[in-house]
Amino acid sequence: MPRQLGELEDAVMTRVWQWNRPVTVREVLEDLQQERSIAYTTVMTVMDNLHQKGWVRREVDGRAYRYTAVSTRAAYSAALMNEAWSTSDNPAAALVAFFGMMSAEQRDALRDAMRMVVPTLAEDAADPSGEAGDEAVEAVGEPVDEAAEAADGAESEAGR
């Protein structure tokens, strides 16, 4: 399971993910220097560490390396969420609490994600019509909204 990236590792990986192309230490260094004072050797060490940890692959380009992300930021985020969820002693309660913390935009994103995933789950259940998938997507909105309302209610009660 992945561990959360450190601050500088995240700053480097953010650039690698955003640029979505092979990058050199020099390119990352020059971009980071717009925000902070940092040495070439520090960035080189961080990128080598990311390579050793499997976050980036590298290819020789002259006397330097070009680094490319092994996976996406979305995959990294999903792995972190899965790690946190799988360590819970009550995964269902953890999900309800998580849903309750979501903003309206995040709940919309969850519904969109469920629309993409549920048809696959419906196929696995041998329902070629996809009707069960539509019902499940519609049902997702209700518990998520109820969890958010419950969380809002708990916050209101705590504030009294």
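**Notes on helix packing and the largest pocket**

1. A good place to begin is the first pair of helices: α1 passes α2 in a right-handed crossing. Please keep in mind throughout that this is a predicted model. Helix α1 covers residues 7-19 and helix α2 covers residues 25-32; their axes lie 11 Å apart, at an angle of about 110 degrees. Since angles of 65 to 115 degrees count as roughly perpendicular, α1 and α2 are therefore roughly perpendicular to each other.

2. Which residues bring these two helices together? On the α1 side they are Leu8, Ala11, Val12, Arg15 and Trp19, and on the α2 side Glu27, Val28, Asp31 and Leu32. Within the contact of α1 with α2, six residues are nonpolar, three are charged and none is polar.

3. Moving along the chain, α2 also packs against helix α3, residues 40-52, with the axes 9 Å apart and an angle of about 120 degrees. That angle makes α2 and α3 oblique to each other, and therefore not roughly perpendicular, given that the latter term covers 65 to 115 degrees. Here too the crossing is right-handed, with α2 passing α3. From α2 come Val25, Arg26, Val28, Leu29 and Leu32, while α3 brings Tyr40, Val43, Met44 and Met47. You will find eight nonpolar residues and one charged residue in the contact of α2 with α3, but no polar ones.

4. The remaining pairing among these three helices is α1 with α3. Their axes come within 10 Å and cross at roughly 85 degrees, which makes α1 roughly perpendicular to α3. Leu8, Glu9, Val12 and Met13 of α1 make the contact with Thr42, Val46, Met47 and Leu50 of α3. By type, the residues of the contact of α1 with α3 are six nonpolar, one polar and one charged.

5. It is worth following a few residues from one contact to another. Leu8 and Val12 of α1 meet α2, and Leu8 and Val12 also take part in the contact with α3. In α2, Val28 and Leu32 are among the residues met by α1, and Val28 and Leu32 likewise belong to the contact with α3. On α3, Met47 is listed in the contact with α2 and again in the contact with α1.

6. Now for the largest pocket, which has a volume of about 580 Å³. How many residues line it, and which lie nearest its centre? The lining holds 15 residues, and nearest the centre are Met81, Leu95, Phe98, Phe99 and Met102.

7. Helices α4 (73-86), α5 (91-101) and α6 (104-124) each give at least two residues to that lining. The largest share comes from α4, with six residues. As for chemistry, the lining of the largest pocket has 13 nonpolar residues, two polar ones and no charged ones.

Technical notes: Residues are numbered from 1 along each chain as its sequence is written. This is a predicted model: local features need pLDDT of at least 70, side-chain atom pairs count only at pLDDT 80 or more; totals for chains, interfaces and linings use all residues. Side-chain values use heavy atoms; hydrogens and water are left out. Axes are lines fitted to C-alpha atoms, for helices over the stretch in contact, and angles run from 0 to 180 degrees between N-to-C directions. Helices (H or I, at least four residues) and strands (E, at least two) are DSSP runs, numbered from the N terminus. Angles under 35 degrees count as roughly parallel, over 145 as roughly antiparallel, 65 to 115 as roughly perpendicular and the rest as oblique. A crossing is left-handed if the near helix is turned anticlockwise from the far one by less than a right angle, and right-handed if clockwise. Contact means heavy atoms within 4.5 Å. Ala, Val, Leu, Ile, Met, Phe, Trp, Tyr, Cys and Pro count as nonpolar, Asp, Glu, Lys and Arg as charged, and the others, Gly among them, as polar. On a 1 Å grid over the protein atoms alone, a cavity is a set of points where a 1.4 Å probe fits but cannot get out, and a pocket is an open set with protein on both sides within 12 Å along at least five of seven lines; lining residues have an atom within 4 Å of a point. Grid points are joined across faces, edges and corners, and a volume is the space filled by probe spheres set on the points.
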